[in-house]
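Welcome! Please take a moment to look over the sequence and the model before reading on. The report below will walk you through them step by step.

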Amino acid sequence: SALFLVLDLGVPERALYLFLVSTPSLLSLGAWAIVAFCASSVLALALGALAGDDEDDLDREYASGRIVLRVCEFACSVVATGLALFVIVYSGVFLSMYPSLPFLHTAWIPVLFVASALACGLAALMATAFFRQTTPDMPAALNALLPVDAVLVAVEAAALTAFLVTSYLSEPSVLSAAQLLTSGRLLPLFWIGVVALGLVVPLSVDVVCWRSPAPVAVPPVAACTLAGGLCLRVALLMATERFNLAFMSALGFWS
């Protein structure tokens, strides 16, 4: 998130400016949330490493101060989770709140971004679980995540479909952006990157592996989901035009 924030703003100086503005905005709050999330999650990871394994008896755990470390780790994890949820929600809300971006000025964008972010997060979790299959009960947990992943991908597909349908029924500028996405120069990025890699492949493999477990398929599917999530954001922003009031003209989002 931090990397793409810098890339989106163009130069590091603009990213630093977000932390210095006196007036709170959704963008500056999001930037601070990203930094706070990185700090709290790294701190939780460090505290968990210091606490070590939980295989010792309770008396020794009290004597070593492990309980304190575990409580602090849990507290940092809760904070990091709350900040992660804010980061997930704010990006879609931020893009959808400006009438100058007519293609994204719809309530479907926050829903789509949240569904995509959750699906990508679960894909990363499943990939991590795959590489820790020697841990007790991890294979069963990995298999239990498959239907959850299928539901999240299905919700993302439904939100994307609803977004495109409303775009095709909207004003000409929104319609042209939707056509650029689905049948114009962004066609390969959308149909191969977003639909095939991000939706069709993960959903198909989730259904098949849930019936006949095949853990070896998890890492490639997770990679497809993550690639699809990235393609979704790039494709939407490349198809978006912003209306410049100064010149009374439409410009590309990244122009």
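## The overall picture

Let us begin with contacts along the chain. Taking contacts in the protein chain between residues at least 6 apart in sequence, 63% join residues at least 24 apart. Please keep in mind that you are looking at a predicted model.

The protein chain contains 10 helices and 2 strands. Reading along the sequence, you meet them in the pattern α-α-α-α-α-α-α-α-α-α-β-β. Of the 255 residues in the protein chain, 37% are buried. The chain exposes about 14,100 Å², and carbon and sulfur atoms supply 73% of that area.

## Helix H9 and its bend

Helix H9 covers residues 187–211, which is 25 residues. At 1.5 Å a residue, H9 should span 36 Å, and the 33 Å between its end C-alpha atoms agrees with that. Follow H9 to Ala196 and you will find a bend of about 45 degrees.

Which residues of H9 are buried? They are Phe190, Gly193, Val194, Val195, Gly198, Leu199, Pro202, Asp206 and Cys209. The partners that these buried residues pack against are four helices: H6 (108–130), H7 (138–168), H8 (172–182) and H10 (218–239).

## Helix H3

Helix H3 takes in residues 26–51, 26 residues in total. The expected span, at 1.5 Å a residue, is 38 Å; the end C-alpha atoms of H3 lie 36 Å apart, so the two values agree.

Buried residues of H3 include Leu27, Ser28, Gly30, Ala31, Ala33 and Ile34. Further along H3, Ser40, Ala44, Leu47, Gly48 and Ala51 are buried too. Just after H3 comes Gly52, which has a positive phi, near 75 degrees.

## A pocket and a cavity

The second largest pocket holds about 310 Å³ of space. Its lining is made by Gly121, Ala124, Leu125, Thr128, Ala129, Arg132, Met138 and Leu145. H6 and H7 are the elements that give two or more residues to this lining. H6 gives the most, with 5 residues.

How many cavities of 30 Å³ or more does a search of the whole structure find? The search finds 1. About 40 Å³ of space lies in the largest cavity, and the residues lining it are Ala123, Met126, Asp149, Val218, Val221, Ala222 and Thr225. Here the elements giving two or more residues are H6 and H10, and H10 supplies the largest share of the lining, 4 residues.

## Two residues in loops

Thr106 sits in the loop between helix H5 (66–96) and H6. Is Thr106 buried or exposed? Its relative accessibility is 19%, so Thr106 counts as buried, the cut-off for buried being under 20%. Setting aside residues up to four places away in sequence, Thr106 touches Ser96 and Phe163.

Ala214 belongs to the loop between H9 and H10. With a relative accessible area of 29%, Ala214 is partly exposed. Ala214 and Asn143 are 71 residues apart along the chain, and their C-alpha atoms are separated by 9.1 Å.

## Two residues in helices

Val93 has its place in helix H5. Its relative accessibility is 31%, so Val93 counts as partly exposed. When residues up to four places away in sequence are not counted, Val93 touches Leu26 and Pro110. Another residue to look at is Phe113: 20 residues separate Val93 and Phe113 along the chain, while their C-alpha atoms are separated by 8.9 Å.

Leu180 can be found in helix H8. Leu180 counts as partly exposed because its relative accessibility is 22%. Which residues is Leu180 in contact with, leaving aside its neighbours within four places in sequence? They are Arg185, Leu186, Leu187, Met238 and Ala239. One of these, Met238, is 58 residues from Leu180 in sequence, yet the two are 9.2 Å apart in space, C-alpha to C-alpha.

Conventions
Residues numbered from 1 in each chain as written. Predicted model: local features only at pLDDT ≥ 70, side-chain atom pairs only at ≥ 80, totals over all residues. Heavy atoms only, no water. Expected span 1.5 Å × (residues − 1). Bend = angle between axes of the 7 residues up to and from the residue. Buried < 20%, exposed > 50% of the residue type's maximum accessible area, 1.4 Å probe, protein only. Contact = heavy atoms within 4.5 Å. Areas by Shrake-Rupley, 256 points an atom, 1.4 Å probe, with all protein chains shown as cover. 1 Å grid on protein atoms, 1.4 Å probe; cavity = no way out; pocket = protein on both sides within 12 Å on 5 of 7 lines; lining within 4 Å. Points joined across faces, edges and corners; volume = space filled by probe spheres on them.
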